Amino acid sequence: MSATKVSVPCNFGVENLRDEFHGNVTVEFEDSTSMMASSLILSWNSEVFTRMFTEYRQTTVEVKDFSKDVVVMFLESLYSGDLVLEQSHFREINKISHAFRVRWMSEKCTAAFTRFCESCSQNFKEMAFLFDEAIYSEATLKCKDLMEVVKATFSRIENVAELFVEQYLRENFANIKTVTVAHLLGMCDGQYIPVLRAVNDHIQMEEGITATV
């Protein structure tokens with residue numbers, strides 16, 4: 001008889017996390033504390049964990065590139081099969097889900113991000129958060145999904161060039177990259193006057209600094 005295949009996400013019971021009876025591997029956090037977890041549950045969710053435990057026979061997993069809160073939230077989600085995501089933890093949870101290749105969690109991150117975009121109040125600070133997360137995901141995680149969501153959302157906003165693009169350029173000119181400018185221009189739908197205005201002001205400011213020096 002073949003073994004029953006468990007599909008994820010699945011509720012394995014978050015109450016079993018931290019239980020020494022169920023745990024056979026140690027997860028070490030950045031603050032040098034640790035927690036017991038089940039290699040079986042971790043492996044069901046992640047091919048990275050599978051390789052750690054089967055090929056490399058690891059019994060300890062160091063996860064010190066993320067805060068303890070984020071790692072605990074990640075582990076609890078692997079056990080519960082659910083993810084309740086707030087903007088404050090979005091980047092790190094999205095990053096750790098990609099790092100350990102937990103596909104269902106990455107998909108939930110994209111779904112949560114889509115909801116963030118849909119409920120965007122067209123406030124500059126909120127729009128900048130969404131755009132920055134999309135840029136980070138594309139550049140660091142090699143995932144373009146979030147940028148596609150942002151472009152689709154922002155392109156429906158009237159006067160997005162004045163409402164967002166112009167101010168974003170003004171605040172980030174010193175460190176902005178070509179690919180970021182390309183994304184911003186793609187949102188303008190031909191409304192380039194605010195963009196040119198921001199560029200002109202930046203040039204004048206630079207010239208003023210040069211003249212002073």
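Select Thr 26 and Met 36 in this predicted model: Thr 26 stands opposite Met 36, which belongs to strand S2. Now widen the selection to strands S1 and S2, which pair in the antiparallel sense over 4 bridges. The two strands form a hairpin, with 5 residues between them. Stop at Ser 32 in the turn, where phi is positive at about 75 degrees.

Go back to Thr 26 and look towards S3. There the bridge partner of Thr 26 is Thr 60. Next select Val 27, whose bridge partner in S3 is Val 61. Strand S1 covers residues 25–28, and 3 bridges join S1 to S3. These two strands run parallel.

Show the three strands together. They make an open sheet in the order S2-S1-S3, and the pairing is mixed. Which strands stand at the edges? Strand S2 (34–37) and strand S3 (60–62) do, and each has a single partner strand, so one side of each is left without a neighbour in the sheet. From one strand to the next, the twist averages 25 degrees.

Keep Val 27 selected and add Leu 42, Phe 49, Val 63, Val 71, Phe 74 and Leu 75. Together these residues line the largest cavity. The structure holds 1 cavity of 30 Å³ or more, and about 30 Å³ of space lies in the largest cavity. How many nonpolar, polar and charged residues are in the lining of this cavity? By class there are 7 nonpolar residues, no polar ones and no charged ones. Colour helix H3, residues 68–80, separately: H3 gives the most to this lining, with 3 residues.

With H3 still coloured, add helix H4, which covers residues 87–99. The axes of H3 and H4 come within 10 Å and cross at roughly 60 degrees. That angle makes H3 oblique to H4. View the pair along the line between the two axes to judge the hand of the crossing, which is right-handed.

Follow the chain out of H4 into the loop that leads to helix H5 (103–118), and select Arg 101 there. Arg 101 is not a glycine, yet has a positive phi of about 55 degrees.

Now jump towards the start of the chain and select Val 8 and Pro 9. A cis peptide bond joins this pair, with omega at about 5 degrees. Pro 9 sits in the segment before S1.

Move next to the later helices and display H8 and H9. Their axes come within 10 Å and cross at roughly 165 degrees. H8 is therefore roughly antiparallel to H9. What is the hand of the crossing of H8 and H9? The crossing of these two helices is left-handed.

Leave H8 and H9 on screen and turn to the largest pocket, which has a volume of about 240 Å³. Helix H6 (124–140), helix H8 (160–172) and helix H9 (178–187) are the elements that give two or more residues to its lining. To see the whole lining, select Asp 132, Ile 135, Glu 138, Ala 139, Tyr 168, Asn 172, Asn 175, Ile 176, Lys 177, Val 179 and Thr 180. Which element gives the largest share? H6 does, with 4 residues. Colour the lining by class to finish: the pocket has 5 nonpolar, 3 polar and 3 charged residues.

Terms used: Residues numbered from 1 in each chain as written. Predicted model: local features only at pLDDT ≥ 70, side-chain atom pairs only at ≥ 80, totals over all residues. Heavy atoms only, no water. 1 Å grid on protein atoms, 1.4 Å probe; cavity = no way out; pocket = protein on both sides within 12 Å on 5 of 7 lines; lining within 4 Å. Points joined across faces, edges and corners; volume = space filled by probe spheres on them. Nonpolar A, V, L, I, M, F, W, Y, C, P; charged D, E, K, R; others polar. Pairing = 2+ DSSP bridges. Axes fitted to C-alpha atoms, helices over the stretch in contact; angles between N-to-C directions. Parallel < 35°, antiparallel > 145°, perpendicular 65-115°, else oblique. Left-handed = near helix turned anticlockwise from the far one by under 90°.
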